[in-house]
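Please look through the sequence and the model below, and then follow the report, which moves from a metal site to the nonpolar cores and ends with two residues in a loop.

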Amino acid sequence: MRKLMMYAAFAAPLFLASCGGNQKTESTENQAATTDTTAAALPEVTTPAATVSNTVDLTANDQMKYSMNEIHVKAGEKVTLTLKNVGTMPKASMAHNFILLSGGTDKEAFAMKAMVAKTTDYIPAALSKSIMAHTKLLGPGESDTITFTVPAGTYEFICSFPGHYASMNGKLIAE
Ligand code: CU
């Protein structure tokens, strides 16, 4: 009995020491890894997160999301925008488009009128003045490329398929 207790007393510090040793090594490694990551990430931070490009590749999915909610382009120069529906759901229940609205357009009011314009693929003919550019309505796997030029400013874009504009919208910023 006494021998066992002595063994325990002897073994415990050993265990602690070896455990502490391991932890120290690990935390040093972690620190090194963290430092490396920070160093590698630095150049990206100095690069503007918003890339200005007049060639825009946008996707839309079954979760009713665009791949970008902010698009930066050069004002006064032709923009080539491609929208691809990367989803798989049937077109009747999940189709997408990209409608670039003129400045000052009420997005909600536009969407309300667009959702009943089924015969024209949810592009309301009566509101053509509010539309600067738009793609076709796309079913799964379909894509459409459009070109347009906009003056400097911030414009809203939406998907006008019924119920989509609330989660499928964004800003196109021309500078
Ligand atoms: Cu949509």
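His96 is buried in this predicted model, because its relative accessible area is 0%, and a residue counts as buried when that value is under 20%. His96 is found in the loop between strand S3 (79–85) and strand S4 (99–101). Leaving aside residues up to four places away in sequence, His96 touches a set of residues that includes Asn61, Leu83, Leu138, Cys159, His164 and Met168. With one of these, His164, there is also a polar contact of 3.4 Å between the two side chains.

Which atoms coordinate the copper ion? The donors are ND1 of His96, SG of Cys159, ND1 of His164 and SD of Met168, at 2.1 to 2.6 Å from the ion. The arrangement of these four donor atoms is irregular because the angles they subtend run from 84 to 132°, whereas a tetrahedral assignment would need all angles to lie between 85 and 135 degrees. Along the sequence, the donor residues follow the spacing H-x62-C-x4-H-x3-M. His96 lies in the loop between S3 and S4 while Cys159 lies in the loop between S7 and S8, so this pair ties together parts that are 63 residues apart in sequence. Cys159, like His96, is buried.

Turning to the nonpolar cores, the largest has 26 residues, and those touching the most other members are Tyr66, Ile71, Phe98, Leu100, Phe148 and Leu172. Two or more residues of this core come from each of the strands S1 (55–60), S2 (70–73), S3, S6 (143–148), S7 (153–158) and S8 (169–174). Apart from this core lies another, made of ten residues, among them Phe110, Ile123, Leu127 and Tyr165. In soluble globular proteins, nonpolar side chains tend to be buried together. Tyr66, when residues up to four places away in sequence are not counted, touches residues including Leu58, Phe98, Phe157 and Ile158, and among its other contacts are Cys159 and Met168.

Finally, two residues other than glycine have a positive phi, namely Asp121 and Tyr122. Asp121 is placed in the loop between helix H2 (107–114) and strand S5 (131–134), and Tyr122 is also in the loop between H2 and S5. The table sets out their values.

| Residue | Phi | Relative accessibility | Class |
|---|---|---|---|
| Asp121 | about 55° | 38% | partly exposed |
| Tyr122 | near 65° | 8% | buried |

Asp121 counts as partly exposed because its relative accessibility is 38%, whereas Tyr122 is buried because its relative accessible area is 8%.

Conventions: Residues are numbered from 1 along each chain as its sequence is written. This is a predicted model: local features need pLDDT of at least 70, side-chain atom pairs count only at pLDDT 80 or more; totals for chains, interfaces and linings use all residues. Side-chain values use heavy atoms; hydrogens and water are left out. Helices (H or I, at least four residues) and strands (E, at least two) are DSSP runs, numbered from the N terminus. Buried means under 20% relative accessible area, exposed over 50%, partly exposed in between (1.4 Å probe, protein chains only). A polar contact is a pair of N or O atoms within 3.5 Å; within protein, one must be able to donate a hydrogen and the other to accept it, and residues adjacent in sequence count only if both atoms are side-chain atoms. Contact means heavy atoms within 4.5 Å. A nonpolar core is a set of buried Ala, Val, Leu, Ile, Met, Phe, Trp, Tyr and Cys residues joined through side-chain atoms within 4.5 Å. Donors are N, O and S atoms within 2.8 Å of the metal (3.2 Å for Na, K and Ca); water is not among the atoms, so sites may look incomplete. Four donors count as tetrahedral if all angles lie between 85 and 135 degrees; four count as square planar and six as octahedral if opposite donors are over 155 degrees apart and all others between 65 and 115; anything else is irregular.
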